[in-house]
Protein chains: 2
Amino acid sequence: MRIALDAMGGDHAPKAICDGIRSAAQEWRDDEFVLIGPEEVLRPLFADGFPSNVRILHTAEWIGPDEEPVKAVRRKKGSSLVVGCQQVKEGEVDAFISAGNTGALMAAGLLYTGRIQGIDRPALAPMFPSVSGRGTLVLDVGANPDAKAHHLAQYALMGSIYSEKVLGFENPRVGLLNIGTEEGKGTELIKEAYRLIQELPIHFVGNVESRDILHGVCDVLVCDGFSGNILLKTSEGVAKAIMDRLKQEFTRTWWNKLAAAVLKPGLKRFAREINYKEHGGAPLLGLSGPIIKAHGSSDAKAVFHAVRQARLFVERGVIPRITEDLHRIERG
Amino acid sequence: MRIALDAMGGDHAPKAICDGIRSAAQEWRDDEFVLIGPEEVLRPLFADGFPSNVRILHTAEWIGPDEEPVKAVRRKKGSSLVVGCQQVKEGEVDAFISAGNTGALMAAGLLYTGRIQGIDRPALAPMFPSVSGRGTLVLDVGANPDAKAHHLAQYALMGSIYSEKVLGFENPRVGLLNIGTEEGKGTELIKEAYRLIQELPIHFVGNVESRDILHGVCDVLVCDGFSGNILLKTSEGVAKAIMDRLKQEFTRTWWNKLAAAVLKPGLKRFAREINYKEHGGAPLLGLSGPIIKAHGSSDAKAVFHAVRQARLFVERGVIPRITEDLHRIERG
């Protein structure tokens with residue numbers, strides 16, 4: 001298998017990417033890893049020896065995290081992020097991972113890799129933590145804010161397949177994000193999506209409320225990109241505000257500091273559990289090739305895990321299976 | 001002033017409502033309070049003397065928290081909740097407060113009290129806590145899931161007036177819930193709403209992301225009922241999951257219990273701060289009379305605060321001011 005990585009994307013690039021690829025190259029010796037970025041920057045990061053199954057694909061430019069996605073992708077055709085997507089399209093590599101600009105990755109994926117036939121809009125599908133520990137795959141969280149009902153149905157199908165094949169959930173429970181659990185609740189969009197999803201050959205558990213997701217009421221959560229983004233960012237904001245406030249409380253007095261020291265190991269474990277950044281990268285489901293968005297803050301370990309995820313994505317044939325299921329549904 | 005309360009709505013009704021009204025009657029001796037519910041149930045709750053400025057308006061039936069709103073309102077025309085809305089319509093009372101079924105209160109408000117002329121859809125507008133302590137008025141959180149752009153513009157106007165008059169925020173900062181802060185982000189609905197809100201004579205601060213709301217980036221947050229509901233329930237769910245998990249951690253070992261005891265007062269204070277239930281009731285903005293939804297879990301203190309809120313709602317002339325502004329805008 002051949003996996004490409006954007007050496008220049010992410011807060012800790014290129015070092016974290018190079019360190020991650022080094023571990024991956026050691027773990028999967030029969031695979032080949034293509035590191036995309038400026039040779040003169042990357043080569044020195046392997047001072048203690050270049051792994052034999054890593055290859056640098058030289059590119060001179062890259063896209064920054066704050067660049068306007070569509071413009072950046074159009075202007076910087078030679079950037080590491082765009083070249084990665086082209087490599088997937090041309091079959092030069094089996095999968096591509098980037099921790100860079102999310103919008104640009106989606107735009108480049110659409111423009112240079114293309115969609116699976118029958119999928120109208122790809123979705124960004126990160127893992128959402130749950131207190132039970134299994135987590136929930138949420139799609140879409142912002143790739144397509146103005147979703148139509150049939151887009152949501154396509155998300156349901158793709159999410160179910162990905163969850164089973166890559167995350168190992170047997171017969172995954174697929175829920176629809178809504179403002180009440182009863183059938184007939186919500187907007188016209190959601191009601192129509194409910195009807196379409198019901199017809200699919202998946203394990204649909206109906207409407208799900210956002211307050212229950214952390215308790216693991218479903219394995220896959222389907223939502224339009226706008227609501228999904230609100231869900232994700234609200235969780236992030238609330239968790240961060242609470243954690244910040246706890247830290248304040250824990251250092252307010254000398255006694256508090258002492259007490260906090262006792263509780264620290266347990267709290268650290270918990271903070272890790274609810275940090276969705278620990279839960280792997282987000283696939284761009286619906287593109288014709290396996291492309292994974294790793295978190296912007298990815299360290300070497302996160303990069304290594306993203307490689308593991310990309311390998312399963314390819315190995316388990318997620319995209320052929322989506323294509324096949326779409327054909328079967330179309331034929332009735 | 002004359003204020004009516006639904007004696008039979010809420011988890012702690014009728015006792016909490018009666019206790020709350022007793023304090024309110026003492027605080028505002030020149031006002032008259034109308035307690036709506038079954039005389040035989042309510043009278044005994046005032047065993048130690050009935051306040052001279054409280055009057056019972058007898059009704060034999062009431063609407064339960066789990067009843068289907070529209071059906072219940074149509075069938076139970078003599079219920080405390082419906083009678084309260086009629087009393088406002090007929091000018092028998094100046095305001096009405098209920099801690100009962102939210103959907104039923106909105107339905108009865110629409111059916112029996114009616115809308116302000118020029119407002120298409122009323123909004124439910126609770127306070128959302130912020131770590132800075134001021135809080136944010138959020139509207140709508142579910143009264144109208146399928147909002148149109150001009151509904152959102154009406155929310156912006158009403159929210160700004162209410163925030164200034166009742167909450168005392170000078171020149172309140174009005175934000176639009178979106179998935180990015182740049183202009184041009186989001187769905188077609190939100191983009192169109194942005195254009196309309198920009199034209200209003202209010203202090204519009206543009207798009208706001210959900211993760212920043214807890215940090216008090218705006219005083220009024222405008223959103224469609226679907227997204228607002230997701231925002232509210234996600235916050236509730238995440239905060240509860242974290243607090244539950246902390247409690248677990250705090251009792252896991254004997255040492256942890258001891259350490260937790262030291263931290264307890266500070267944590268309790270914090271839990272109260274972020275509990276939006278402490279932040280007053282939610283007005284149903286857009287109805288032609290002041291109607292306030294108190295929290296289902298309201299205790300006597302919360303009922304007392306809802307009365308204070310209702311008094312300001314009336315005294316500061318929120319509804320006349322909304323009507324006036326709407327006319328002025330219409331005339332250009």
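Helices are DSSP runs of H or I with at least four residues, numbered from the N terminus. The model used here is predicted.

**Exercise 1.** Find which helix of chain A holds Lys301(A), and decide whether Lys301(A) is buried or exposed.

*Solution.*
- Start with the helix. Lys301(A) lies in helix H10 of chain A, residues 300-315.
- Next, take the relative accessible area. For Lys301(A) the value is 52%.
- Apply the cut-off: exposed means over 50%. Lys301(A) is therefore exposed.

**Exercise 2.** Name the residues of the positive surface patch, and state which helix gives the largest share.

*Solution.*
- List the members. Lys264(A), Lys268(A), Arg269(A), Arg272(A) and Lys301(A) gather on the surface as a patch of positive charge.
- Look at the source. Helix H9 of chain A, residues 254-274, supplies the largest share, with four residues.

**Exercise 3.** Explain why Cys18(A) and Cys223(B) form no disulfide.

*Solution.*
- Recall the cut-off. The two sulfur atoms must be within 2.5 Å.
- Check Cys18(A). The closest cysteine sulfur belongs to Cys85(A), 19 Å away, so it is too far for a bond.
- Check Cys223(B). Here the closest cysteine sulfur is in Cys218(B), at 9.6 Å, which is also too far for a bond.
- Take the total. Over all chains, the count of disulfides is zero.
- Add the setting. Cys18(A) is buried at 1% relative accessible area. Cys223(B) is buried at 1% too.

**Exercise 4.** Place Asp11(B) in chain B, and state how far its C-alpha atom is from that of Gln86(B).

*Solution.*
- Locate the residue. Asp11(B) sits in the loop between strand E1 (2-6) and helix H1 (15-27) of chain B.
- Check the exposure. Asp11(B) is exposed, at 57% relative accessibility.
- Read the separation. Asp11(B) and Gln86(B) are 75 residues apart along the chain, and their C-alpha atoms are separated by 23 Å.

Terms used: Residues numbered from 1 in each chain as written. Chains lettered and ligands numbered in written order. Predicted model: local features only at pLDDT ≥ 70, side-chain atom pairs only at ≥ 80, totals over all residues. Heavy atoms only, no water. Patch = residues over 30% accessible without salt bridge, like charges linked within 9 Å, V, L, I, M, F, W, Y side chains within 5 Å. Areas by Shrake-Rupley, 256 points an atom, 1.4 Å probe, with all protein chains shown as cover. Salt bridge = Lys/Arg side-chain N within 4 Å of Asp/Glu carboxyl O. Lys, Arg positive; Asp, Glu negative; His and termini not counted. Charge placed at Lys NZ, Arg CZ, Asp CG, Glu CD. Helix = DSSP H or I, 4+ residues; strand = E, 2+ residues; numbered from the N terminus. Buried < 20%, exposed > 50% of the residue type's maximum accessible area, 1.4 Å probe, protein only.
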